[in-house]
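User: Hello! Could you walk me through some local features of this protein, one question at a time?

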Amino acid sequence: MRTQLAAFQQPLDPIADSLGLSALLAALPLLLLFVLLGVFRMKAYQAGLISLVLSILLAVIGWQMPIGQVAAATGLGAFYAIFPILWILINALWIYKLTVATPWFEVLGRTIRSISDDLRILSILIAFCFGALLESLAGFGAPVAIAAAMLMAAGMKPLKSAIVALLANTAPVAFGAMAAPIIALNGVTGIPLHELSSMTGRQTPFIALVVPLILVFLVDGKRGLKQTWPVALVSGFVFGLAQFLASNFFVVELTDVVAAVATVIAVLLMLRVWQPAEIIGMSGQVQEDQDAAAPRETVDAAGTGSAADTLDGSGPAEPVKTGRGRRSAAVPAGATAAGSAGTGSVAAAGPGSTSNTARPDARSVWMATAPYLIIIVVFSLAQIPAIKTWLTSIGSVTFHWPGLDVVDSNGNAVAAQTLRFDHIRATGTLLLFSGILTMLLYRIQPRKGVQVYGETLKQLRWTIVTVCAVLALSFVMNLSGQTTTLGVALASAGGFFALLSPLLGWIGVALTGSDTSSNSLFGQLQVAAANETGLSATLMAASNSSAGVLGKMLSLQNLAIASAAVGLEGAESTLLRKLIGWSLGLLVMMTLLIWLQSTSILGWMVP
């Protein structure tokens, strides 16, 4: 039995009894966070802590929340940051660092490049397809961390790997973690699950259609778009079509699994009959067909030429012919195709090493990909109903966070103060088990595994501070009523709410870093606003999820995860500036689609 507290009731318009002024002040912590990151380029943990302090002051002074409950809300947010979010990141990055500590990481890079030498195509296969598969099984930042690491293994530069992984983690998010966002939306709105999944499945495919085209543009600019648009379009179309069919006519929990597998098959089949005119390999070298008459030039993968941009930067690169009729990744003049005996050479990459792009033998391929196959198997087993039920019964605890007693403006208890703590069945714990199995397979000594884990924690020290600060900010805003004030202000726009509804979902995910959390936070508000304005409640609820996914690439915790995964500490502000235009552009596109679906033009799409 918890100690009886004086209940705190969230006010809607605490500032001068004005909803507009209250909403403006409620938005200040978010605005400050983005300004400090994007304009002043402040370190992420500093920006997060300053914005947290501002939200605490607003909660105490403006929303009149008791100091003790503000402190409890801050603690709850920090705890939620650690479990599950940071628990996932730490163990996902630990697995990656375990592979780096063995020769199999280099073999993994050659295995990936043996599928295709082209980084543009690999960005689709790894970030878009494999990332979607990871999103369907795990979510919560794991796809970004693992996909970014795999892109680096394929030869992509760290910053670009992070950008590509973040932007790719959009289309599958609404159905991620076995459709957790849609299930949460069903729970808070009461709208039938099939209606919500069907409506969402008639919105997110349009994102899927565009994202692969953006990815190849990010990797190689206009040239990448010109040369690889066929495979980008096919992958986006197949993913979107499979997502629509699975969410409308199959099982919503398996939507992303079906879409990811179908897209991988489609891309691999297409590569049997089609290849781009040039191959953009490691470090951005252009590899043309052998019969191309034009002289070869070495070009940066971003689309800017640089004759000195070779593998070691020491001078011009020479193409190496392969048996496939194309030139493989270039090597520096004077070097052999197998590499040198120095550190990090291809020759030292592991069993079966022959050349930078030659496919390793079957055993080496299995060993190199084993950590990721183990992850898929462990997570798939955990989703079997009998095992899932057993894990839930022994590894899940739900409790009321001490020190909190918050009710909304209608007198109903706020759900955010009740925490479901999954310890054994948590995504991070399953990743920990996967890491232990990887150690056993690779015969890594326990002392070495613990040492790598310690190095992982040291690398993530500022990321941990950042994510804890941002989640504490989120929970303070949610529990004090600041977020509700902001949402109600947007919902008061009447018929224009169809244009503002996507923005509300976008803000929710940008703030919490989770489509599930955003749906839990704003789902019922979307339904209430829809009922007041005569709009479809199903459409508005689904829009919260579909448009919300576009804010995930800008959420500070996901920026921090991506920065840490590629080893670029403090790169969050750079990533924010690189991605904000794409996020807003896709939001405008999604907003237009949702508005058309609210009218007679596309109203037939609403179930």
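**Buried charges and other local features**

Analyst: Happy to. R120 has a relative accessible area of 0%, so this residue is buried. Please keep in mind that the model is predicted.

User: Which side chain meets R120 in a salt bridge at 2.6 Å, N to O?

Analyst: Side chains of opposite charge can pair when their charged atoms come close. The candidate here is itself buried, because its relative accessibility is 0%. The partner at 2.6 Å from R120 is D118.

User: And how far apart in sequence are D220 and R120?

Analyst: The side chains of D220 and R120 form a salt bridge too, with an N to O distance of 3.0 Å. This pair links distant parts of the chain, with D220 in helix α11 and R120 in helix α6. D220 counts as buried, because its relative accessibility is 0%. The separation of D220 and R120 is 100 residues.

User: Which residue forms a salt bridge with E135, and where does that residue lie?

Analyst: E135 is in helix α6, and the pair ties together parts that are 417 residues apart in sequence. Both partners count as buried, since E135 has 3% relative accessibility and the other residue has 4%. The closest N and O atoms are 3.9 Å apart, and the partner is K552. K552 lies in the loop between α21 (537–548) and α22.

User: Which residues are joined into one network by salt bridges that share partners?

Analyst: The count of salt bridges comes to four. R120 pairs with D118 and also with D220. Through shared partners, the network consists of D118, R120, D220 and R223.

User: Is helix α22 mostly covered or mostly open, and how many of its residues are buried?

Analyst: Helix α22 spans residues 556–565 and is mostly covered. Its buried residues include L556, Q557, N558 and S563. After α22 comes G567, with a positive phi near 75 degrees. The buried count for α22 is ten of ten.

User: Which nonglycine residue in the loop between α15 and α16 has a positive phi?

Analyst: Most residues other than glycine have a negative phi. The residue in question sits between α15 (427–442) and α16 (446–459), and its phi is near 55 degrees. With 74% relative accessibility, over the 50% cut-off, it counts as exposed. The residue is R443.

User: What is the phi of Q64, and is Q64 buried or exposed?

Analyst: Q64 is in the loop between α3 (44–62) and α4 (67–100). Its relative accessible area is 56%, so Q64 is exposed. Q64 is not a glycine, yet its phi is positive, at about 60 degrees.

User: How much accessible area does the nonpolar surface patch with W229 have together?

Analyst: W229 is in helix α11 (residues 204–249), and it is partly exposed because its relative accessible area is 46%. The patch also includes L209, F217, L225 and F249. Together its residues have an accessible area of about 820 Å².

User: How much space lies in the second largest pocket, and which class dominates in number among its lining residues?

Analyst: The second largest pocket holds about 620 Å³ of space. Of its 23 lining residues, the closest to the centre are I115, F130, M150, V264 and T369. Two or more lining residues come from each of α5 (104–115), α6 (119–137), α12 (255–273) and α13 (362–382). With 20 nonpolar, two polar and one charged residues, the class asked for is nonpolar.

Key. Residues numbered from 1 in each chain as written. Predicted model: local features only at pLDDT ≥ 70, side-chain atom pairs only at ≥ 80, totals over all residues. Heavy atoms only, no water. 1 Å grid on protein atoms, 1.4 Å probe; cavity = no way out; pocket = protein on both sides within 12 Å on 5 of 7 lines; lining within 4 Å. Points joined across faces, edges and corners; volume = space filled by probe spheres on them. Helix = DSSP H or I, 4+ residues; strand = E, 2+ residues; numbered from the N terminus. Nonpolar A, V, L, I, M, F, W, Y, C, P; charged D, E, K, R; others polar. Patch = residues over 30% accessible without salt bridge, like charges linked within 9 Å, V, L, I, M, F, W, Y side chains within 5 Å. Areas by Shrake-Rupley, 256 points an atom, 1.4 Å probe, with all protein chains shown as cover. Buried < 20%, exposed > 50% of the residue type's maximum accessible area, 1.4 Å probe, protein only.
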